[in-house]
Amino acid sequence: MFGSIATFLRLMRAAWTLARHDAMFPLEYQAMFPAPARLAGRVARLVAIRDRAANPGERLARALEELGPSYVKLGQVLATRADVVGMEFARGLSRLQDRMAPFPEAEARKVVEAELGEAIDALFAEFGPPAAAASIAQVHKAVTRSGETVAVKVLRPGIDQRITRDIAVLRMGAGLAVKLFPASRRLEPRAFVETVARSLVLELDLRMEAAGASELLEAATAADNLNIPLVVWPLTARRVLTTEWIDAIPLTDMEAVEAAGIDRVKLASDITDAFLACALDRGVFHADMHAGNLFVDAQGGLWAVDFGIVGRLEGPERRYLARILHGFLTRDYAAAAEAHFEAGYVPPHHVHADFAAALRSVAEPIFGKRADEVPMSRVLLQLFEVTELFDMHLQPQLILLQKTMVQVEGVCRSLTPAHDMWQSSSPAVERFMRREIGPEGRVRDFLADLDKVRTSLLRLPDTLDRLTEAAERMQPDRSEVEAARRSPLTLGLLVTAAALLGALLTLAFTGQIAL
């Protein structure tokens, strides 16, 4: 009970903090709010600080920084969508991406020594001051005893307890939203919070981030335009992560990108293609691709850092996603609609043709247009109306993917307003469709089914023994049990299975397939 009271008080603190910074219902946007929200905004501004920032985005950023890392994540997503929240608002939020106040270097050294079990001087020839600070950790540039320049990421002291408290507040907020606003149930706020909570908890163990970096390094082979820093495993622990240092320009510094002569149009296309190639081809993707986590080197190569949130897609979701994207790219809205129904994203009582028409109404006005020609806020509003019309619920397994797609598209827009998202998406989708849904994919599916049959055959004797033991415990006549084991059905199954296995082995020995 006391825990619930404390969580509720923290929720009230969050509302108070937003009100103090005039970030709940900002004055600049009063005309856009309904009457109750305008009234709430006027009341909230009675407690607002006098010297608050002029930029409403910066006011929200300051409030989120004060509230904690979980809230900062929300601000980072909003910062990528200048087309939705406005350029000035996004510029104010951009401080959340990589310019938070660092904690003292002395504390970082203590954490490193405690985690790695040795003195700093024994581990590193040099250990510099903080090079970058984010909501959960900060990075130091260092040199190992063997002379390698590395990046050492150190968790903020006390961050574990703060994340735990933030998650409890988010859960309570989601519960209140469902009770007070029944229409929000379709957006599955509880499922969304649980997904965010899990990703935040995983971020607190930097060994998991190291594993994510290693996994993404393997996935990047599917995208020849993405680079991932190597993990230095001997210098990595739960609260410390060490990777190779990269000399590159962060995409938050557009002036430096421009001065370096980087082809921004190509870079934007590389970001989109790399994200989709990893997600579709390998089923794993960097799930926090805001500009502060993306860099470009002097040769125009794309680098990603900060692997605290890694998204994964199972085979079926990847195929549904590819079919949906391919349907949009080829303007085959019936196929895109069919994929939605087969995936269960749209309840079966709706008419396929109606949903296909709804998809057409969203896609046709923007097909083939540049990013600066697309009023994305209007498109998002229409998409929301379509999901409501067809009773579509938020899919928990796709939350990270959808969030990252929003970030990627926002970063690409900041690189070049003329970014063609359709053209950039097409190569990765086409590759996946050819490999997974074409003849090669069908053969792979057939072989996978045969492998399942083979596994079942190997388990069949044990299954029959268990059935026999169960039958004996029920004390039936032994002659009946023996007859069942020798029944034509059982023998038929064995013969059929043996035939399938023989066919598989024959194909393997003749070199037509590889087991």
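This tour moves through a predicted model, from one sheet to another, then to a cavity, an aromatic pair and a helix near the start of the numbering.

**The four-stranded sheet**

Begin by selecting strands β1 to β4, which make up an open sheet of 4 strands in the order β1-β2-β3-β4, with antiparallel pairing. At its edges lie β1 (124-133) and β4 (240-244), each of which pairs on one side only. If you look along the sheet, neighbouring strands are turned by 25 degrees against each other on average, with direction ignored.

Next, select β1 together with β2, and follow the chain from one strand to the other through the hairpin, whose connection consists of 3 residues. The two strands run antiparallel and are joined by 6 bridges, and a useful place to centre the view is Phe124, whose bridge partner in β2 is Thr144.

From there, extend the selection to residues 137-144, which are β2, and residues 149-155, which are β3, a pair that runs in the antiparallel sense over 7 bridges. Within this pair, show Ala142 and look for the residue that stands opposite, which is Val150 in β3.

Which helices should be added to this view? Helix α7 (residues 105-116) lies across β1, β2, β3 and β4, and runs at about 125 degrees to β1. Helix α11 (residues 206-219) also packs on the sheet, where α11 touches β3 and β4, and its direction makes about 25 degrees with that of β4.

**The three-stranded sheet**

Now hide the first sheet and select β5, β7 and β8, which are 3 strands that form an open sheet in the order β5-β7-β8, with antiparallel pairing. The edge strands here are β5 (249-250) and β8 (302-304), each pairing on one side only. Zoom in on β7, residues 294-296, and on β8, since the two run antiparallel and are joined by 3 bridges; one place to inspect is Val296, whose bridge partner in β8 is Leu302. Then add helix α13, which packs on this sheet by touching β7 and β8, with a direction that makes about 50 degrees with that of β8.

**The largest cavity**

Keep α13 on display and turn to the enclosed spaces, of which the model has 2 cavities of 30 Å³ or more. The largest cavity has a volume of about 60 Å³. To see what surrounds this space, select Leu216, Leu226, Ile228, Ala274, Phe275, Cys278, Phe285, His286, Met289 and Ala304, which line the largest cavity. Two or more residues of this lining come from each of the elements α13 (264-282) and β6 (284-286), and α13 gives the most, with 3 residues. How do the lining residues divide by character? Colouring them by class shows 9 nonpolar residues, 1 polar residue and no charged residue in the lining of the largest cavity.

**An aromatic pair between two helices**

The structure holds 5 aromatic pairs, and one of them is reached by selecting Phe341 and Phe355. Their rings are placed edge-to-face, at 5.9 Å centre to centre and with 90 degrees between the planes. The pair links distant parts of the chain, as Phe341 belongs to helix α15 (residues 333-343) and Phe355 to helix α16 (residues 352-363), with their positions 14 residues apart in the numbering.

**Leu18 and its surroundings**

For the last stop, select Leu18, which has its place in helix α1 (residues 2-20). Leaving aside residues up to four places away in sequence, show Ala23, Met24, Leu60 and Ala63, which Leu18 touches. Finally, add Ala44 and draw the distance between the two C-alpha atoms: Leu18 and Ala44 are 26 residues apart in sequence and 8.6 Å apart in space.

Terms used
Residues are numbered from 1 along each chain as its sequence is written. This is a predicted model: local features need pLDDT of at least 70, side-chain atom pairs count only at pLDDT 80 or more; totals for chains, interfaces and linings use all residues. Side-chain values use heavy atoms; hydrogens and water are left out. On a 1 Å grid over the protein atoms alone, a cavity is a set of points where a 1.4 Å probe fits but cannot get out, and a pocket is an open set with protein on both sides within 12 Å along at least five of seven lines; lining residues have an atom within 4 Å of a point. Grid points are joined across faces, edges and corners, and a volume is the space filled by probe spheres set on the points. Ala, Val, Leu, Ile, Met, Phe, Trp, Tyr, Cys and Pro count as nonpolar, Asp, Glu, Lys and Arg as charged, and the others, Gly among them, as polar. Two strands pair if DSSP finds at least two bridges between them. Contact means heavy atoms within 4.5 Å. Axes are lines fitted to C-alpha atoms, for helices over the stretch in contact, and angles run from 0 to 180 degrees between N-to-C directions. Rings of Phe, Tyr and Trp (its six-membered ring) pair if their centres lie within 6.5 Å; planes under 30 degrees apart count as stacked, over 60 as edge-to-face and the rest as tilted.
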